[in-house]
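Let's take a walk through this model together, going from open space to packed rings and then to the backbone. Please keep the sequence and the 3D view open side by side as you read.

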Amino acid sequence: MRYWLFKSEPSTWSWDNQAAKGAAGEEWDGVRNYQARNFMREMKIGDRGFFYHSQKEKSVVGIVEVCAEVHPDSTTEDDRWECVDIKAVRPFARPVSLDQIKADPRLEEMVLVKNSRLSVQPVSEAEWAAICALGETDPS
């Protein structure tokens, strides 16, 4: 299993929107960055990810799971853009803020810290465990 981080503006697509989709999940569509698209091409069913609220909130708020591998993004006719489907697994007991992540030396090499603008990004196993501990949630 690999780990990822999915960023969304809560005013556009929030954790509550994602959770409301249930087991069917939802396309992680609208990504128009080649690096982020290429990360989605690497994802497999069952991979886990953090759901991150960007903009004002800037916090990891929950865990999602890839439930459909890469396929054409239904929001465009341009075949360069692909996406995966994700479903909500569980919310964090306590959101983990970007400030907390930046202050934790275990997370200083995290992509979120180094390239915070990337909307889909990999997360190492150690980073996964550290953030789950900060959010008081089970990493499995």
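**A walk from pocket to loop**

Let's begin with the largest pocket, whose lining draws at least two residues from strand 1 (3–8) and at least two from strand 2 (26–27). Keep in mind throughout that what you are looking at is a predicted model. The space in this pocket comes to about 470 Å³. Its lining is made up of 20 residues, and those that lie nearest the centre are Lys7, Ser8, Glu9, Ser54 and Ser119. What is the make-up of the lining by class? Eight of the residues are charged, seven are polar and five are nonpolar.

From empty space we can turn to aromatic rings. A pair of such rings is described by how far apart the centres are and by the angle of the planes. How many aromatic pairs does the count give? It comes to eight. One that is worth bringing up on your screen joins tryptophan 28 and phenylalanine 51, with 5.7 Å from centre to centre and 85° between the planes. With planes over 60 degrees apart counting as edge-to-face, this pair belongs to that class.

Now trace where the two partners sit. Tryptophan 28 is in the loop between strand 2 and helix 2 (34–42), while phenylalanine 51 belongs to strand 3 (residues 48–53), so their pairing ties together parts that are 23 residues apart in sequence. Are these two residues buried or exposed? Buried means under 20% relative accessible area. Tryptophan 28 has 7% relative accessibility and therefore counts as buried. Phenylalanine 51 has 0%, so phenylalanine 51 is buried too. Elsewhere among the rings, you can pick out a cluster in which ring pairs link Tyr3, Phe50, Phe92 and Trp128.

Our last stop is the backbone of the loop between strand 3 and strand 4 (59–72), where glutamine 55 is found. Although glutamine 55 is not a glycine, its phi is positive, at about 65°. The loop between strand 3 and strand 4 also holds lysine 58. Lysine 58 is not a glycine either, yet has a positive phi of about 45°. How accessible are these two residues? Partly exposed covers the range between the buried cut-off of 20% and the exposed cut-off of 50%. Glutamine 55 has a relative accessible area of 48%, so this residue is partly exposed. Lysine 58, at 41% relative accessibility, likewise counts as partly exposed.

Notes
Residues numbered from 1 in each chain as written. Predicted model: local features only at pLDDT ≥ 70, side-chain atom pairs only at ≥ 80, totals over all residues. Heavy atoms only, no water. 1 Å grid on protein atoms, 1.4 Å probe; cavity = no way out; pocket = protein on both sides within 12 Å on 5 of 7 lines; lining within 4 Å. Points joined across faces, edges and corners; volume = space filled by probe spheres on them. Helix = DSSP H or I, 4+ residues; strand = E, 2+ residues; numbered from the N terminus. Nonpolar A, V, L, I, M, F, W, Y, C, P; charged D, E, K, R; others polar. Phe/Tyr/Trp six-rings, centres within 6.5 Å; stacked < 30°, edge-to-face > 60°. Buried < 20%, exposed > 50% of the residue type's maximum accessible area, 1.4 Å probe, protein only.
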